[in-house]
Amino acid sequence: MREDPGVLIIGGTAEARGLAAVLVQTGIPVLSSLAGRVRDPALPAGEVRIGGFGGPDGLREFLRQRRFRALVDATHPFATRMSAHVAAVAPELPTLRLARPGWADHPDAAGWTWVDGPASAVQAIRATDGPLLLTTGRQTLDHYRVLTDRTVLVRVVEPPEQPLPSGWSLIRDRGPYRVEAETSLLRDHGIRVLVSKDSGGSYTAPKLDAARDLGIRVVMLTRPAAPATVLSTDSVDGALAWLWTVLH
Ligand code: NAP
């Protein structure tokens, strides 16, 4: 009898790891895919592959070879290219998008400046003087390099390829974070503006509480729209319930 090919999880998030852990515990074969951006990634339980598929055609060919029973796109809400590729192959097998809720319902959300991209973020930043903490990731950093007259603290997981402008400094770190440490960081660097993506979840949320306590302005990048054609859930439990119906 042919071995159960199980579930392909396109990962890189805590939710993807959470889902893989439960599936492995339940005895359902799972292959998690990571992009390979981070040198020392947190590895999910079960089988893992690392690296791009080669666009939607590469992903389609990979699915054709392995014949998975279900596909879960559990990439980060801002990983739009990978999610678009998943949407392109979704008609070929049961497919679900798993994305944690954003911070729109956070109690302080109404007080933040919501912007739709880095260009609007730069404009918003310019409206407030003083040092800023940039937590929007390495890949979009170039958009902010126009802020040469500002003191900028950049927090990233992996270092940027290009040197930073003078007046900028770098912290390499990754969550989860704690409010106390975030408060010290913001206070010690005299931060006046915090720039963040609407990543959602609890791992990186403590900076938002610390910013509120210290009266720091928050500039929040709204999420890109998720592909409308793919069924979605915002929780690991929701993904498990869906998988249960698909696999049984
Ligand atoms: P992206 O721009 O949407 O994807 C760029 C390319 O990277 C994709 O076309 C694909 O290459 C490859 N790729 C992305 N995720 C992959 C995965 N899980 N497995 C295999 N290939 C993958 O993605 P991104 O924003 O660079 O994010 C890369 C990874 O980091 C994602 O897995 C995401 O979950 C994680 N992450 C992203 C962010 C963020 O803010 N963007 C934050 C935290 C974690 P091919 O076209 O060759 O298949």
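Reader: Which residues of helix α4 (residues 118-126) are buried?
Author: This is a predicted model, where local features need pLDDT of at least 70, side-chain atom pairs count only at pLDDT 80 or more, and totals for chains, interfaces and linings use all residues. Residues are numbered from 1 along each chain as its sequence is written, and side-chain values use heavy atoms, with hydrogens and water left out. Helices (H or I, at least four residues) and strands (E, at least two) are DSSP runs numbered from the N terminus, while buried means under 20% relative accessible area, exposed over 50%, and partly exposed in between, with a 1.4 Å probe and protein chains only. By that rule, the buried residues of α4 are P118, A121, V122, A124 and I125.

Reader: Where on the helix do the buried residues of α4 fall, seen down its axis?
Author: An α-helix has 3.6 residues a turn, so residues three or four places apart point the same way. The arc is judged from the directions that run from the helix axis to the C-beta atoms. For the buried residues of α4 these directions fall within an arc of 165 degrees, so they line one face of the helix.

Reader: And which residues are exposed on the other side of α4?
Author: The buried side packs against β6 (113-115), β7 (132-134), β10 (193-197) and β11 (217-221), where contact means heavy atoms within 4.5 Å. The other side of α4 has the exposed residues A119 and Q123.

Reader: What do the buried residues of α6 pack against?
Author: Helix α6 covers residues 206-214, and its buried residues are P206, K207, L208, A210 and A211. Just after the helix comes G215, with a positive phi near 70 degrees. The packing partners of the buried α6 residues are β8 (152-156), α5 (179-188), β10 and β11.

Reader: Which residues does H106 touch, leaving out those up to four places away in sequence?
Author: H106 sits in the loop between β5 (95-98) and β6. Its relative accessible area is 14%, so H106 counts as buried. Two of its contacts, L208 and D209, are joined by others to give the full list: W112, L208, D209 and R212.

Reader: How far apart are the C-alpha atoms of A45 and V24?
Author: A45 belongs to the loop between β2 (30-34) and β3 (47-50), and its 31% relative accessibility makes it partly exposed. Residues up to four places away aside, A45 touches A20, A21, V24, V30 and S32. V24 is 21 residues from A45 along the chain, yet their C-alpha atoms are separated by 6.7 Å.

Reader: Which residue has a positive phi although it is not a glycine?
Author: Look in the loop between α2 (55-66) and β4 (70-73). The residue there is exposed, at 53% relative accessibility. Its phi is about 50 degrees, and the residue is R67.

Reader: Where is P176, the residue after a cis peptide bond?
Author: The bond from G175 to P176 is cis, with omega near 0 degrees. P176 itself lies in the loop between β9 (168-172) and α5.

Reader: What is the radius of gyration of the chain?
Author: The chain has seven helices and twelve strands, and 45% of its 248 residues count as buried. The radius is taken over C-alpha atoms, and the globule rule is 2.2 Å times the number of residues to the power 0.38. For 248 residues a compact globule would have a radius near 18 Å, which agrees with the chain's 20 Å.
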